[in-house]
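Could you take me on a tour of this structure while I have it open in my viewer? Tell me what to select at each stop and what I will find there.

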Amino acid sequence: MDVLNPHILNHAEGHSLTQGILKAIKEKLQEGLLHYKTKEGSSPEQFLYWYPSLNSGLPVVPKKDAIHQSIYMFHDMVHTCLYDPLPDSDFQTYILGKMVGEAMSQLIADGIFAHLLQANYQADYPYKKRYYIQMYTHLKSIDIRSLSIALAHFAVFDNRKPLIALCKSSEAKKWTHVFCNLYAKMFQADLWWNDQIYQQYQGKTFEYNPEYCYRNNKKTSLNTIEDIVDHNLSLLQQLDVPETGNGLLLAKQLSQGNEFVYSFVQVNYKKKIDPTVLNPIRMKLKQ
């Protein structure tokens, strides 16, 4: 299935990082380790099921235009290259791993890749309506490690101070606040959702062949945002190294005979979650 417009996607080759991600994705698609999935060809649970380093595939989410859909899809593609903790990880490693992955996938797809398109493709497209680009334009000179760490602190702890501290102008602060105001609900919902999923794993014993693991889901213990950002940056530097493992076979072992590794959990990304629900999760992450 040729989901993405190649004229759009090929602009990822304009940056070494996004070029490596695109190449890695194409290889997994060719080997049958990744697949596209649509709402029409999936049950609601299959379509919403998400475990990027295992068997969930890449959901084709219709958007208003090809550029928006390409950025959205590239975001999910990035997830398959970043650290994706398995169900037997400790709480801090699992939750922080998932949340840092979300923050960095946004940075790479909605920031770096989208900025490549803005500079090189369809100049009359209303890029300024994509508020992540507005923020990224003012912060793109910041090194990726510092920016990733600041974004992750906002994503996990709703703390925008590290991000604002990177701003060198009033315009940068303005658009960073706009980003934070718009994306806070999404990150809150993602934190809650990941905690709900992790609760399903507690008390279970997972047996699997470690040779089926990819580089990005090998068992490790990473208990801080900074450690996970560094691990992700290391993984991104290894994209040209041939991948081993098989996420599909790994998922079969982890799911213990079921179709999915976890049971479906409904989440509303537009509804604000009460801090009294999220703060206990955040406190556990700081322990």
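Start by selecting Glu171, which is partly exposed because its relative accessibility is 36%. This is a predicted model, so please read every stop on the tour in that light. Glu171 sits in helix α9, a helix that runs over residues 170–201. Now add Tyr183, 12 residues away along the chain, and draw a line between the two C-alpha atoms: the separation is 18 Å.

**Along α9 to Asp190**

Stay in helix α9 and select Asp190. Buried or partly exposed? With a relative accessibility of 9%, Asp190 is buried, because the cut-off for that class is under 20%. Show what surrounds Asp190: leaving out residues up to four places away in sequence, Asp190 touches Met99, Glu102 and Tyr269. For a longer view, bring up Glu211, which is 21 residues from Asp190 along the chain; their C-alpha atoms are 30 Å apart.

**Into the largest pocket**

Two of those contacts of Asp190, Glu102 and Tyr269, lead to the next stop. Together with Lys63, Tyr72 and Met186, Glu102 and Tyr269 are the lining residues nearest the centre of the largest pocket. Select these five and centre your view on them; the full lining has 47 residues. The space in this pocket comes to about 1,700 Å³.

Which helix gives the most to the lining? That is α9, with seven residues. Colour the helices that supply at least two lining residues each: α3 (44–48), α4 (66–79), α5, α6 (131–139) and α9. If you then colour the lining by residue class, you will find 25 nonpolar, eight polar and 14 charged residues.

**Gln106 in helix α5**

Next, select Gln106, in helix α5. Gln106 is buried, since its relative accessible area is 3%. What does Gln106 touch, if residues up to four places away in sequence are not counted? The contacts are His75, Gly111, Tyr132, Phe179, Tyr183, Met186 and Phe187. Tyr183 is back from the opening stop, where it was paired with Glu171, and Met186 is one of the residues nearest the centre of the largest pocket.

**The nonpolar core**

Phe179, just seen as a contact of Gln106, also belongs to the largest nonpolar core, a set of 98 residues. Within it, Ile21, Phe74 and Phe179 touch the most other members. Helix α5, residues 91–120, contributes the largest share of this core, with 15 residues.

Select Ile21 and show its contacts, again without residues up to four places away in sequence: Phe74, Met77, Val78, Cys81, Ile108, Leu236 and Leu239.

**A look at the cysteines**

How many disulfides does a search of the whole structure find? The result is zero. Cys81, the cysteine that Ile21 touches, is in no disulfide, and its nearest cysteine sulfur, in Cys213, is 16 Å away. Cys81 is buried, given a relative accessible area of 9%. Move on to Cys180, which is in no disulfide either: the nearest cysteine sulfur, that of Cys167, lies 8.5 Å away. Because a disulfide needs the two sulfur atoms within 2.5 Å, that separation rules this pair out. Cys180 is buried, at 0% relative accessibility.

**Two loop residues with positive phi**

Here is some background for the next two selections. Most residues other than glycine have a negative phi.

- Select Asp158, in the loop between α7 (144–157) and α8 (161–165). Its phi is positive, near 55 degrees. Asp158 is partly exposed, at 36% relative accessibility.
- Select Gln256, in the loop between α11 (247–254) and α12 (275–286). Gln256 is not a glycine, yet it has a positive phi of about 55 degrees. Gln256 is partly exposed, at 44% relative accessibility.

**Last stop: Glu226**

Finish with Glu226, in helix α10, residues 225–236. With 27% relative accessibility, Glu226 counts as partly exposed. Leaving aside neighbours within four places in sequence, Glu226 is in contact with Arg145, Ile149 and His153. Add Ala150 to the selection: Glu226 and Ala150 are 76 residues apart in sequence, and their C-alpha atoms are 9.6 Å apart in space.

Key
Residues numbered from 1 in each chain as written. Predicted model: local features only at pLDDT ≥ 70, side-chain atom pairs only at ≥ 80, totals over all residues. Heavy atoms only, no water. Buried < 20%, exposed > 50% of the residue type's maximum accessible area, 1.4 Å probe, protein only. Core = buried A, V, L, I, M, F, W, Y, C linked by side-chain atoms within 4.5 Å. Helix = DSSP H or I, 4+ residues; strand = E, 2+ residues; numbered from the N terminus. Contact = heavy atoms within 4.5 Å. 1 Å grid on protein atoms, 1.4 Å probe; cavity = no way out; pocket = protein on both sides within 12 Å on 5 of 7 lines; lining within 4 Å. Points joined across faces, edges and corners; volume = space filled by probe spheres on them. Nonpolar A, V, L, I, M, F, W, Y, C, P; charged D, E, K, R; others polar.
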